[in-house]
Amino acid sequence: EPRAADGPQSVDEPRAADRPQSVDEPWAADRPQSVDEPRLTNGPRIAGESRSLTGWGRIAPSRSTVVMPRSAEDLAAALHAASPARGGVIARGAGRSYGDAAQNGGGTVIDMTRLRGFEVLPGEDPMVRAGAGVTLGELVVGLAPHDLSLPVVPGTRHATVGGAIGADIHGKNHFSDGSFGAHVEAMRVCTPDGEIRSLSRESDRDLFEATLGGMGLTGVVVEAVLRPRRHVPAVLDADIDRTPDLDGAIALLAQTDRYRYAIAWVDLLRGRGGRGFGRSVVMRSNDRPCGSDGDGRPRRVPLPGRPRLRVPERFPDWVLRPALVRAFNELRWRGSPDCARGVTVGMAEHFFPLDALGCWSRIYGAGGLIQYQFVVPESRAEVIGSVLERLRAGRVPMYLAVVKRFGPGSGGMLSFPIPGLTLAVDVPAAAPGLGELLDRADEEVAAAGGRVYLAKDARLRGEMLERMYPRLRSFREIRGQVDPDGVMCSDMARRLALAGVAR
């Protein structure tokens with residue numbers, strides 16, 4: 001039986017999620033709870049357990065009371081029982097946000113992973129209704145027999161629908177297809193007063209846009225109606241190029257008119273005095289639609305059920321060192337073609353390469369990691385090189401870095417993507433002087449008209465938020481209307497003054 005997401009659900013005892021649905025059993029999980037026909041229960045299941053939680057970066061733990069509703073009725077009861085005096089409440093999916101967005105020290109965390117399942121809605125243009133707790137990987141597998149797929153997926157298939165909406169996630173195709181929120185037709189959100197509201201761009205638009213990328217602070221998404229796309233990209237045709245430096249990679253990323261996806265892997269551990277620093281492997285690709293078997297049945301999506309390897313829970317800190325990663329990067333560089341066209345790449349390798357290593361964030365040891373991700377307009381692309389040079393000069397080990405291109409945003413008030421280029425770089429959280437270096441990088445990014453990705457953040461200063469997110473005031477106004485008492489709260493919300501006074 002394939003096993004679902006590994007994830008640092010709890011610092012004390014990481015919990016394995018329910019297994020993903022198979023193509024043969026598309027209804028193995030419960031159907032998402034309909035707010036029109038709430039499922040009867042034996043009373044609200046709002047009792048919880050105290051757990052210490054982190055995000056995927058395994059830093060900044062905090063202890064919360066975790067409850068796991070089985071229905072919309074349970075969820076409404078949990079929200080009704082919450083109050084600011086009891087620390088407030090925040091929803092949590094698979095725990096794949098890197099920072100503290102799905103933590104709530106001293107308060108309540110609602111684990112949404114039991115509100116899962118999905119169905120394809122009939123009609124000329126098919127839609128998908130999905131529970132907030134269903135993972136994107138489950139949807140990819142379950143939609144394949146209908147010759148449908150998700151238009152946007154992030155770098156992991158283990159993120160949930162609710163988390164994808166709360167972070168308005170993006171993929172390698174933002175410049176062509178936008179973010180996840182651009183394909184959300186409607187959603188049902190349980191607001192702090194226990195009411196379940198139906199939102200869309202035509203109905204309650206302000207709350208809809210505040211919820212897209214709103215980090216769960218306007219209410220809890222119960223289910224959403226998504227607009228899938230036809231055809232399943234079981235394999236892709238990729239053009240691969242190596243460039244000697246970062247500038248060459250950025251130049252190739254600008255040449256994407258013929259492609260649907262594009263990404264540059266950047267080696268930041270090579271070279272002294274700048275020579276070879278930032279050499280890159282750029283992959284630009286398009287879907288090759290999945291065919292059918294001889295009997296007319298759609299082919300299965302080739303997503304493995306288990307990771308190939310799994311990092312043990314107490315992985316020693318000394319294993320991950322620059323010399324080891326430098327050797328790995330050298331192998332990756334030499335194993336990539338200098339210039340190749342029409343290379344066949346499988347779905348798992350293309351979309352979810354890191355899922356092949358279960359619990360991979362553990363390789364950073366007890367200190368954890370920070371993924372620093374920001375976006376700047378293309379006209380200010382030099383900021384990417386400047387930030388990387390700042391970190392290199394500060395002797396911060398940069399083990400993994402990618403650059404992608406963004407197109408127009410989705411309209412979410414706190415949605416991250418803007419037209420431009422985004423850098424994501426993984427660094428050990430315990431690196432000496434890292435906090436001050438990233439604070440200076442924040443200033444540079446904000447001055448260029450860019451912003452930091454909240455779904456990856458665990459250390460941004462609250463005063464930087466207004467400079468980076470111009471619709472922050474509108475978000476706070478809408479949040480104040482739907483949650484005047486500040487019931488929805490998280491460690492991130494307190495740190496950034498999104499739901500009250502910054503701590």
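Hi everyone. A helix here is a DSSP run of H or I with at least four residues, and a strand is a run of E with at least two. Counted that way, the chain on the screen has 13 helices and 21 strands. Please keep in mind that this is a predicted model.

Let me start with the whole chain. There are 503 residues, and 59% of them count as buried. Now look at contacts between residues with a separation of 6 or more: 73% of these join residues 24 or more positions apart.

Tryptophan 360 gives us a nice example to look at. You can find tryptophan 360 in the loop between β17 (357-358) and β18. Is tryptophan 360 buried or exposed? Its relative accessibility is 6%, and since buried means under 20%, tryptophan 360 counts as buried. Who are its partners? Leaving out residues up to four places away in sequence, tryptophan 360 touches Trp56, Tyr98, Val311, Leu354, Leu369 and Asp426. Take tryptophan 56 from that list: 304 residues separate it from tryptophan 360 in sequence, yet their C-alpha atoms are 9.3 Å apart in space.

Next, let's visit two helices, beginning with α9. This helix covers residues 382-393, which is twelve residues. At 1.5 Å a residue the expected span is 16 Å, and the end C-alpha atoms are indeed 16 Å apart, so the two agree. Which residues of α9 are buried? They are Val383, Ile384, Val387, Leu388 and Leu391. If you look down the axis of α9, these buried residues fall within an arc of 135 degrees, so they line one face of the helix. What they pack against is a mix of helices and strands: α6 (246-253), β18 (369-376), β19 (400-406), β20 (420-428) and α10 (434-447). After α9 comes arginine 395, with a positive phi near 60 degrees.

Our second helix is α12, residues 472-482, where Leu472, Phe475, Ile478, Arg479 and Val482 are buried. Viewed down the axis of α12, the buried residues lie within an arc of 125 degrees, so here too they line one face of the helix. Their cover includes β9 (196-200), α5 (205-211) and α11 (465-468). Turn to the face pointing away from the buried side, and you meet the exposed residues Arg473 and Gln481.

Now for two backbone details. Aspartate 168 is not a glycine, and still its phi is positive, about 45 degrees. It sits in the loop between α3 (161-167) and α4 (174-177), and aspartate 168 is buried, with a relative accessible area of 0%. Alanine 497 is not a glycine either, and has a positive phi of about 60 degrees. You will see alanine 497 in the segment after α13 (491-496). Why does alanine 497 count as buried? Its relative accessible area is 19%, and the cut-off for buried is under 20%.

Last stop: the empty spaces. How many cavities of 30 Å³ or more turn up in a search of the whole structure? The search finds six, and the largest has a volume of about 120 Å³. There are 15 residues lining that largest cavity, and the closest to its centre are Leu150, Val153, Pro233, Tyr261 and Phe351. The lining divides into ten nonpolar, three polar and two charged residues.

That's my tour. Thanks for listening!

How values were computed. Residues numbered from 1 in each chain as written. Predicted model: local features only at pLDDT ≥ 70, side-chain atom pairs only at ≥ 80, totals over all residues. Heavy atoms only, no water. Expected span 1.5 Å × (residues − 1). Buried < 20%, exposed > 50% of the residue type's maximum accessible area, 1.4 Å probe, protein only. Arc of directions from axis to C-beta. Contact = heavy atoms within 4.5 Å. 1 Å grid on protein atoms, 1.4 Å probe; cavity = no way out; pocket = protein on both sides within 12 Å on 5 of 7 lines; lining within 4 Å. Points joined across faces, edges and corners; volume = space filled by probe spheres on them. Nonpolar A, V, L, I, M, F, W, Y, C, P; charged D, E, K, R; others polar.
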